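Here are some exercises to work through with the structure open beside you. Try each task on your own, then follow the solution step by step.

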Amino acid sequence: MAHDQTHDDAPKRAQRDDKDGDYAIVGRSVLINRPRSELFAYWRDFTKLPTFMHAVESVAIGDGERSTWTIKAPAGQHVTLETELVDVIENEAIGWRSTEHSQIKTTGHVTFTDAPAGRGTIVTAEIAYEPPGGDVGRLIAKLFQAEPNIQARHELKRFKQLMEAGEVATGAYTNSTDGEV
Amino acid sequence: MRALTWHGTNDVRVDTHPDPEIINPRDAILKVTSTAICGSDLHLYDGVIPGMKSGDILGHEFMGEVVEVGPKSTLQKGQRVVVPFTISCGKCFFCEQQQYSACDNGNPVVNQDASEMLYGQPMGAAFGYSHLTGGYAGGQAEYVRVPFSDVGPIVIPDGMADDDVLFLSDILPTGWMAAENAQIQPGDTVAVWGAGPVGLFAVQSAVLMGAAQVIAIDHFPRRLELAQKFGAKIINFEETHVREALMEMTGGIGPDAVIDAVGMEAHGWVADNVLDVIKQKMAPGADRGHALRQALLAVRKGGRVSVPGVYGGMLDKWPLGAMMEKGIQIKGGQTHVQKYTADLLRRIQDGEIDTTFLISHRLSLEEAPEGYKNFHDKQNEWTKVVLKPGGVA
Ligand SMILES: NC(=O)c1ccc[n+]([C@@H]2O[C@H](COP(=O)([O-])OP(=O)(O)OC[C@H]3O[C@@H](n4cnc5c(N)ncnc54)[C@H](O)[C@@H]3O)[C@@H](O)[C@H]2O)c1
Ligand SMILES: [Zn+2]
Ligand SMILES: [Zn+2]
């Protein structure tokens, strides 16, 4: 009962088959009530990524627009990632991909498009990565609540909160308690 | 500080907790002077709202004095403010539409996961109302941290007593929005299920909005008497067939608009409700929809259904056919409190709205557990409880 596949308008990340070769694709769109240029400028400065990507401990900018990311991994470990910029279009898109000095193979890009009727900007991040240790690695990551898809969703939402409200929401009422969940 | 704390079903206690601190730039800290127990708190007390943790501080209806402000707060120390129960940023798409309770920026992102899965989109945030809405510590406490203090709290003019304005935090705007959602036209009959605090403010609002006839439905005589104060007719559902009465009181067409101010824990010894009670006891996430079902069947063809009563999960035996075949409109939602506070404050100042008639008990914070028990068990006499953390004058 084979039939031709429909080429519908949904992005790859929303399709049931979200694999592209060896890469798994995760991503998400958010509507942010701020102008494109402002959002682009904030994201373009990779040292600010840890303010909304909680898995990223720090980003250091090196030579030739290369950045070194230190990422928290399950069981207190760290993964280092070196990225180079690709396809940067002022106020529209930022892309990055891992270099040969990285422990994981990944590529990502974020686009900024005007939302209709002055609603602000639709920010779409799409990250493709080679799952650490294939599907088993992904399963382990899931156990540690670090499933990349969930992380991507949380990160984009934090970015939204920071850009719109100027701060990331927390339910904590003292500085020594954790305010998420 | 001392704070009313949830420990499990029908188990709330006043415990000692650390004082709240400024965490985000837009925060303020209040010293709470008055805080009320809400019918919504009874859903927590009964354990029918998921996402509660032992140790959570309750309370979403409160006011107090500003004692500390973050660098981006616009409040000043010493100001008296009432705080909306909805925690809303004032900057996002939803806030700009004045759909404050839908704000995406109050609920911490991790907390959004559960409701996003349940409802398709995440819930907004509220004080003291489970981790589904952010896990924020509530205001039934000596002190409380208030996020987005530059846009939420409303400053109260000197000379107005706490009890006159406290209910701007929730039940007055909730009753008002319930009536607004009923889209009242001249000549309308509006029937209100539940003569609790929300229903009573819905009755008062519907009268102010020009309804020709308002009918309150409950089974507690004292609560129904309070509704009569505003000219409402009353139906006691233990003595009367509600639907038949409503038909007979509207010349056989049914009420033009109906308001469900009962919510997920409807009372009533009738078949559908008994089944719902059993289901709710077996698993969280089941609602009891007896009042809403009755309202849907009672409303006239082409009529309007307004649902301020809180539901959280799934319901079966939903009269879907009645909804479609009668051409009914339904509107519900957590209240967009910030949209209404300024206008309602003016109406209180002008003497247009009575806000204190329903307060039956004023207790100290230490007496809060008794307040919960009695507001839950003796609803006829205990119509609204206000707690005074500084002591009852
Ligand atoms: N939408 C919002 O933002 C919002 C805000 C506040 C409260 N609420 C909800 O509104 C509802 C009412 O709140 P409240 O403080 O008035 O609560 P309450 O418990 O004091 O009052 C509920 C009333 O409904 C009556 N009732 C129960 N079953 C009934 C039935 N079958 N027919 C008619 N009346 C019936 C009860 O006797 C009681 O008087 C609750 O569900 C509460 O969670 C919603
Ligand atoms: Zn309330
Ligand atoms: Zn908002």
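**Exercise 1.** In this predicted model, find the polar contacts of ligand 1, beginning with the side chain of Q379(B).

*Solution.* Start at Q379(B): an N or O atom in its side chain sits 3.3 Å from an oxygen atom of ligand 1. Next, go to H43(B), where a polar side-chain atom is 2.8 Å from a ligand oxygen atom. Then look at I217(B), which takes part through its backbone: a polar atom there lies 3.4 Å from a nitrogen atom of ligand 1. With a cut-off of 3.5 Å for a pair of N or O atoms, the contacts of Q379(B), H43(B) and I217(B) can be listed. Finish with the cover: on its own, ligand 1 has 860 Å² of accessible area, and the protein covers 97% of it.

**Exercise 2.** Describe the shell around ligand 1: how many residues surround it, and which are the closest?

*Solution.* First, count the residues: 33 surround the ligand, and the closest are S40(B), H43(B), D218(B), H267(B) and P308(B). Second, sort them by class, which gives 15 nonpolar, 15 polar and three charged residues. Third, ask which elements supply two or more residues; these are α1 (39-45), α6 (197-208) and β12 (213-218) of chain B. Finally, look for the largest share: α1(B) provides it, with four residues.

**Exercise 3.** Strand β12 of chain B belongs to a sheet of six strands. Work out the strand order and explain why one side of each edge strand has no neighbour in the sheet.

*Solution.* Read across the sheet: the order is β13-β12-β11-β14-β15-β16 in chain B, the sheet is open and the pairing is parallel. At the edges stand β13 (233-236) and β16 (329-332) of chain B; each has a single partner strand, so one of its sides lacks a neighbour in the sheet. Now check the twist: on average, neighbouring strands are turned by 20 degrees against each other, ignoring direction. Zoom in on one pair, β11 (189-193) and β14 (257-260) of chain B, which are joined in parallel by four bridges. Within this pair, W193(B) has D260(B) as its bridge partner. To complete the picture, add helix α7 (221-228) of chain B, which packs on the sheet and touches β12 and β13 of chain B. The direction of α7(B) makes about 170 degrees with that of β12(B).

**Exercise 4.** Which strands form the edges of the three-stranded sheet of chain B, and which helix packs on this sheet?

*Solution.* Begin with the order, β2-β1-β4 in chain B, an open sheet with antiparallel pairing. The edges are β2 (11-16) and β4 (56-57) of chain B, each pairing on one side only. Next, follow β1 (2-8) of chain B, which pairs with β2(B) over six antiparallel bridges. Among the residues to locate is A3(B), whose bridge partner in β2(B) is D15(B). Last, find helix α13 (368-377) of chain B: it packs on the sheet, touches β1 and β2 of chain B, and its direction makes about 165 degrees with that of β2(B).

**Exercise 5.** Trace the pairing of β6 (80-83) of chain B with β5 (61-69) of chain B and with β10 (154-155) of chain B.

*Solution.* Take β5(B) to begin with: four bridges join it to β6(B), and the two run antiparallel. Here F62(B) is partnered by V83(B). Then turn to β10(B), which pairs with β6(B) in the antiparallel sense over two bridges. The bridge partner of V81(B) in β10(B) is V155(B).

Definitions and conventions:
Residues numbered from 1 in each chain as written. Chains lettered and ligands numbered in written order. Predicted model: local features only at pLDDT ≥ 70, side-chain atom pairs only at ≥ 80, totals over all residues. Heavy atoms only, no water. Pairing = 2+ DSSP bridges. Contact = heavy atoms within 4.5 Å. Axes fitted to C-alpha atoms, helices over the stretch in contact; angles between N-to-C directions. Polar contact = N/O pair within 3.5 Å; in protein donor to acceptor, adjacent residues only side chain to side chain. Areas by Shrake-Rupley, 256 points an atom, 1.4 Å probe, with all protein chains shown as cover. Nonpolar A, V, L, I, M, F, W, Y, C, P; charged D, E, K, R; others polar.
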